[in-house]
Every structure is written in C-alpha cells, then in structure tokens.
Amino acid sequence: MDAKTVVISVSIISAAIVMAIGGYGPAKALGKALTEALDAIARQPEASDKIMRALFVGMALIESIAIYAFVIALILLFANPLIGYILK
Amino acid sequence: MKIFNIFPETVFSIGPVHITDTVITTWFVMVAIITICYLATRRLSIKPSFCQEILEAIIEAMEKTIKDILPLDPWLVVPMLGTLWIFIGFSNLTGLIPGLKTPTADLNTTFAYALISFSMTHVIGISTQGLKGYLMHYKEPTWLLLPFHLIAEVTRTVALAVRLFGNMLSGDMIAIILLGIVGLLVPIPFSLLHIIIGLIQAYIFGILTLVFIAGGIKAKS
C-alpha cells in the first residue's frame with residue numbers, strides 16, 4: 001500500500017467513526033432535553049411558550065455538536081487536506 | 001446533476017469576480033421576496049385582504065417573539081432581524097425546487113449571515129448603553145472570565161454559520177442519496193422533514209442572535 005491509499009482509507013474509516021460517536025452523544029442529550037421539557041410542560045402547561053423557546057435554543061446548541069462532527073466528516077471525505085500534502 | 005457539490009460552482013466570471021450558482025440562487029430568492037411583498041402590499045387597506053393579513057400576522061409574530069426576549073423597544077431590532085428570518089427561511093426552502101441549489105448549503109453565505117448577526121450584537125449593544133457600558137459586560141462575573149468571553153464571541157459566530165450550513169447541506173445530501181437508491185416516493189417524507197428543518201433553522205438563527213443581543217444588554221441592569 002502506498003501512502004495515498006493509506007491516507008484515503010484511514011480518512012474514510014475515521015469519517016464513519018466521527019459520525020458514529022459524534023451522533024451518539026447529541027442524540028442522547030436531545031432525547032433527555034426533550035423528555036425533561038415535556039415533563040415540565042405536563043406539570044405547568046401555562047409556561048409552555050417559555051419552555052418551548054428554551055428547548056429550541058438548547059436543542060440548537062446541542063445539535064451543533066453533531067453538526068460539527070458532520071462537517072469534520074465532510075472535510076475528511078471531500079476536502080481532505082492530507083491528500084494534497086501526500087500528492088505534492 | 002452532480003452528486004455531491006459541496007463547493008459552489010462558478011457559472012461565469014466578471015474579471016476577477018466569480019459569480020457562483022449560490023449567488024444566482026440568492027438573487028432569485030431576493031427577487032421572489034420583493035415580488036411577493038410588492039404584490040401583497042399594493043392595495044393596503046384598513047379591512048385587510050388575505051395576503052395583507054398573512055403579512056401582518058408574520059410581522060406581529062416576529063414583534064411578539066422579540067418583545068418576549070429583548071428588554072428594549074422591539075422596533076429597534078425588527079427590521080434587521082425580520083429580514084434575516086424571512087431571507088434565511090426563503091433561502092432554506094429553495095432547495096425543494098428541482099434544479100436549484102440551496103444558497104445556505106454554502107459556507108460563504110452562512111458566514112455572511114453570521115457576520116451580520118455578530119455586528120448587529122455589538123452595534124445594538126453600543127448604541128443602547130454606550131461604548132463603556134457595553135464593554136463593562138465583558139467583566140460580568142469577574143475579570144477572570146474575560147478571555148472566555150472573547151473566545152465565545154468568535155466561537156458562537158462560527159457555530160451559527162456552521163450550524164445552518166451543516167443542517168441545510170445534510171438535508172440536501174440525504175435527499176440526493178435517497179434519490180439514488182430508491183427514486184420514487186420514498187424521498188418525499190424526507191423532503192417534508194427538510195421543510196420543517198429549514199424553517200426551524202431560520203427561527204433558531206434569529207432566536208440565537210436575539211439571545212446574544214439580550215446577553216449584551218441585560219448586563220447593565
């Protein structure tokens with residue numbers, strides 16, 4: 001195996017790992033946030049507007065972690081800086 | 001149709017300026033918004049027509065949302081933030097029209113939006129409480145946290161841009177991949193999901209900008 005093959009195959013495998021691990025944590029966190037918010041709404045339906053707003057903002061912040069992982073996977077797959085370095 | 005076009009493609013160039021397909025789609029979105037607003041506001045009256053009623057409902061909803069979060073006159077923020085909301089919302093939905101590329105699935109566009117939101121935070125903070133009063137909020141709990149405030153200024157702007165970009169790009173990519181696998185009818189639920197995600201992301205972009213503005217202002221009181 002030459003260097004280019006190694007870099008490409010390691011990039012593909014690590015992109016898959018990045019998505020797997022980077023999706024797991026935020027998914028658990030999103031589920032927890034949603035259940036807590038539903039609990040709070042069930043207990044206090046009149047505050048549902050405020051709770052929903054906080055939930056949306058919080059979910060966006062949690063979700064951005066998964067999005068970072070996604071962007072890193074995309075960089076590894078389509079804009080890998082190491083391949084250009086090897087080919088040079 | 002290329003399968004994965006993450007990067008914008010240059011359609012034509014004027015001298016050193018490359019006009020990409022993102023720019024052309026953005027022009028298309030602007031023309032669409034201006035046309036809709038022009039047609040809907042041509043005959044304004046006290047007894048509103050259907051279109052006028054919809055527009056008024058949108059404006060009032062935005063005003064109410066801003067009033068709930070920001071302890072200021074909402075009309076200080078409504079023109080700018082409302083434009084961001086409507087423009088990002090329309091941009092996110094253009095990907096549903098076949099042949100058009102979502103303008104927000106391009107990192108340059110979302111970074112431009114994030115820079116607008118970044119400068120808006122500081123301009124409104126400074127204009128409402130003066131330069132000194134605004135700078136005071138950086139030492140809010142203690143002086144020790146000053147570097148973290150400065151880092152947060154950068155990271156939250158980058159996060160705004162990357163969040164919108166990643167969401168819209170992933171929606172497009174899922175649609176394209178499913179189209180390659182099954183083709184008929186199966187991508188439709190995912191397109192519906194993409195509509196919801198596009199609108200929610202536009203909402204979240206505005207809400208986060210609003211929360212940042214409020215964070216810079218509340219420090220005074």
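How many residues does the contact take from chain A, and how many from chain B?

1. The answer to the opening question is that ten residues come from chain A and twelve residues come from chain B. On the side of chain A that touches chain B, the residues divide into nine nonpolar and one polar, with no charged residue. Please keep in mind throughout that the model is a predicted one.

2. It helps to look next at chain B as a whole, whose secondary structure comes to six helices and two strands. Read along the sequence, chain B follows the pattern β-β-α-α-α-α-α-α, and its C-alpha atoms fill a box of roughly 60 × 50 × 40 Å, taken along the principal axes. Buried residues make up 28% of the 221 residues in this chain. Among the contacts in chain B with a separation of 6 or more, 66% are accounted for by residues 24 or more positions apart.

3. A pair of helices in chain B deserves a careful reading, namely α2 (residues 50-69) and α3 (residues 78-93), whose axes come within 11 Å and cross at roughly 115°. The crossing of α2(B) and α3(B) is right-handed. On the α2(B) side the meeting residues are B:Ile59, B:Met62, B:Glu63 and B:Ile66, and on the α3(B) side they are B:Val78, B:Leu81, B:Gly82 and B:Trp85. The residues of this contact divide into six nonpolar, one polar and one charged. As a general point about such spacing, an α-helix has 3.6 residues a turn, so residues three or four places apart point the same way.

4. B:Met62 is a useful residue with which to follow this crossing, since it lies in helix α2 of chain B and, leaving aside its neighbours within four places in sequence, is in contact with B:Val78, B:Gly82 and B:Trp85. The C-alpha atoms of B:Met62 and B:Trp85 are separated by 8.9 Å, although the two residues are 23 residues apart along the chain. Is B:Met62 buried or exposed? It counts as partly exposed, because it has 18 C-beta neighbours inside 10 Å, while 20 or more would be needed for a buried residue.

5. Helix α3(B) itself has 16 residues and reaches 22 Å from its first C-alpha to its last, close to the 22 Å expected at 1.5 Å a residue. Its buried residues are B:Leu81, B:Trp85, B:Ile88, B:Gly89, B:Phe90, B:Ser91 and B:Asn92. B:Leu81 and B:Trp85 therefore appear both in this buried list and among the residues that meet α2(B).

6. The largest nonpolar core has 28 residues, of which B:Leu164, B:Phe165, B:Phe205, B:Leu208 and B:Ile213 touch the most other members. Helices α3, α4 (107-136), α5 (146-181) and α6 (187-218) of chain B each supply at least two residues of this core, and the largest share, nine residues, comes from α6(B). Leaving aside its neighbours within four places in sequence, B:Leu208 is in contact with A:Val57, A:Ala60 and B:Leu160. A second, separate core of ten residues includes A:Ala66, A:Val71, A:Ala73 and A:Leu74.

7. In chain A, helix α1 (residues 3-43) has 41 residues and reaches 60 Å from its first C-alpha to its last, close to the 60 Å expected at 1.5 Å a residue. Which residues of α1(A) are buried? They are A:Ala15, A:Val18 and A:Pro26, and these buried residues pack against α2 (48-78) of chain A.

8. Some residues of chain B with fewer neighbours than the buried cut-off complete the picture, beginning with B:Ile46, which is placed in the loop between α1 (21-40) and α2 of chain B. Because B:Ile46 has 4 C-beta neighbours inside 10 Å, it counts as exposed. B:Ile46 and B:Phe205 are 159 residues apart in sequence and 33 Å apart in space, C-alpha to C-alpha.

9. Helix α4 of chain B holds B:Asn108 and also B:Ala112. B:Asn108 counts as partly exposed because it has 14 C-beta neighbours inside 10 Å, and B:Ala112 counts as partly exposed because it has 13. The C-alpha atoms of B:Asn108 and B:Met120, twelve residues apart along the chain, are separated by 18 Å.

Technical notes
Residues numbered from 1 in each chain as written. Chains lettered and ligands numbered in written order. Predicted model: local features only at pLDDT ≥ 70, side-chain atom pairs only at ≥ 80, totals over all residues. Contact = placed C-beta atoms within 7 Å. Nonpolar A, V, L, I, M, F, W, Y, C, P; charged D, E, K, R; others polar. Axes fitted to C-alpha atoms, helices over the stretch in contact; angles between N-to-C directions. Helix = DSSP H or I, 4+ residues; strand = E, 2+ residues; numbered from the N terminus. Left-handed = near helix turned anticlockwise from the far one by under 90°. Expected span 1.5 Å × (residues − 1). Buried ≥ 20, exposed ≤ 12 C-beta atoms within 10 Å, placed from the backbone. Core = buried A, V, L, I, M, F, W, Y, C linked by C-beta atoms within 7 Å.
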